[in-house]
Amino acid sequence: MPSIDESKPFIPLNIAVLTVSDTRSPADDKSGTTLADRLTGAGHKLGAREIVTDDVDAIRAVLKKWIADAGIDVVITTGGTGFTGRDVTPEAVEPLFEKRMDGFSIAFHMLSHAKIGTSAIQSRATAGTAGSTFIFCLPGSPGACRDGWDGILAHQLDYRTRPCNFVEIMPRLDEHLRRPKAKGASA
């Protein structure tokens with residue numbers, strides 16, 4: 001199990017929350033509120049928060065804006081990860097990934113299975129990186145958002161977590177974009 005190294009400082013991140021839903025408004029966005037409350041309660045900053053419809057172009061437009069924003073470290077989406085015709089979050093987000101994080105999906109499904117059993121297979125939770133931004137896509141229920149935050153993200157987004165965490169590698173996420181090509185390289 002992870003542990004906290006109290007000798008290290010807490011580093012607050014700017015985390016954006018995107019709710020993907022055809023029916024939610026700011027007044028009844030329980031999943032987005034759950035994430036916003038948990039991340040700010042942990043000491044992070046809510047860098048941005050929006051609601052978009054279950055539409056590939058609408059989802060990508062917000063994500064591209066946040067990926068390009070140096071002030072956003074992490075994006076967490078909620079909603080649109082199921083199997084119905086309108087559930088398109090993975091289709092919208094995964095093509096933006098430079099690197100997929102298959103372990104996140106596995107860890108989320110293990111946590112979810114322990115709580116809701118085989119119904120966990122009805123989620124297509126996914127994660128990856130784009131530029132220097134971590135992106136995590138959670139299901140649209142407040143319970144799934146609590147599980148994803150409390151069981152995985154709260155630990156991995158805390159610099160003090162040992163044996164390792166995402167914060168310590170953030171400065172190197174975009175090193176491939178900053179590194180000049182070697183002379184004679186063709187890629």
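**Helix α1**

I started with α1 in this predicted model. I count 12 residues in α1, and the helix reaches 16 Å from its first C-alpha to its last. That is close to the 16 Å expected at 1.5 Å a residue. Next I looked up which residues of α1 are buried. They are Ser 31, Gly 32, Thr 34, Leu 35, Ala 36 and Leu 39. What do the buried residues of α1 pack against? I find β2, β3 (45–52), β4, β7 and α5 on the list. Just after α1, I noted Gly 43, which takes a positive phi of about 105°.

**Cores**

I then went to the largest nonpolar core, which has 25 residues. Val 74, Ile 76, Phe 104, Phe 136, Leu 153 and Leu 157 have the most contacts inside this core. Which elements give two or more residues to this core? My list reads β2 (14–20), α1 (30–41), β4 (74–78), α4 (102–116), β7 (133–138) and α5 (142–156). The largest share, five residues, comes from α5. I also logged a second, separate core of 19 residues, with Leu 63, Ala 92, Ala 130 and Ile 135 among them.

**Phe 104 and the aromatics**

Phe 104 got its own entry. I skipped residues up to four places away in sequence and asked what Phe 104 touches. The hits are Ala 125, Thr 126, Ala 127, Phe 136, Cys 137, Leu 138, Ile 152 and Leu 153. Phe 104 is buried, at a relative accessible area of 3%.

For the whole model I get five aromatic pairs. One of them joins Phe 104 and Phe 136, with 5.2 Å centre to centre and 55° between the planes, and is tilted. This pair links distant parts of the chain: Phe 104 is in helix α4 and Phe 136 in strand β7, 32 residues apart. I have Phe 136 down as buried, at 0% relative accessibility.

Phe 136 pairs with Phe 166 too, with ring centres 5.9 Å apart. Their planes are at 40°, so I call this pair tilted. Here as well distant parts of the chain are linked, since Phe 166 is in the loop between β8 (161–162) and α6 (175–178), 30 residues from Phe 136. Phe 166 has a relative accessible area of 14% and is buried. Which residues form the one aromatic cluster I wrote down? They are Phe 104, Phe 108, Phe 134, Phe 136 and Phe 166.

**Arginines over rings**

I noted two arginine entries here. The charged end of Arg 124 sits over the ring of Phe 83, 5.7 Å from the ring centre. Arg 162 lies over the face of Tyr 159, and I read 5.8 Å to that ring centre.

**Asp 147**

I found Asp 147 in helix α5. Is Asp 147 buried or exposed? Asp 147 counts as buried because its relative accessibility is 16%, and the cut-off for buried is under 20%. With neighbours within four places in sequence left aside, I see Asp 147 in contact with Leu 111, Lys 115 and Ile 152.

**Cysteines**

I searched the whole structure for disulfides and came back with zero. Why does Cys 145 have no bond to another cysteine? The closest cysteine sulfur is in Cys 137, and at 11 Å from the sulfur of Cys 145 it is too far for a bond. My cut-off for a disulfide was sulfur atoms within 2.5 Å. I also checked accessibility: Cys 145 is buried at 0%, whereas Cys 164 is partly exposed at 43%.

How values were computed
Residues are numbered from 1 along each chain as its sequence is written. This is a predicted model: local features need pLDDT of at least 70, side-chain atom pairs count only at pLDDT 80 or more; totals for chains, interfaces and linings use all residues. Side-chain values use heavy atoms; hydrogens and water are left out. A nonpolar core is a set of buried Ala, Val, Leu, Ile, Met, Phe, Trp, Tyr and Cys residues joined through side-chain atoms within 4.5 Å. Buried means under 20% relative accessible area, exposed over 50%, partly exposed in between (1.4 Å probe, protein chains only). Helices (H or I, at least four residues) and strands (E, at least two) are DSSP runs, numbered from the N terminus. Contact means heavy atoms within 4.5 Å. The expected span of a helix is 1.5 Å times one less than its number of residues. Rings of Phe, Tyr and Trp (its six-membered ring) pair if their centres lie within 6.5 Å; planes under 30 degrees apart count as stacked, over 60 as edge-to-face and the rest as tilted. A charge sits over a ring if NZ of Lys or CZ of Arg is within 6 Å of the ring centre and within 35 degrees of the ring normal.
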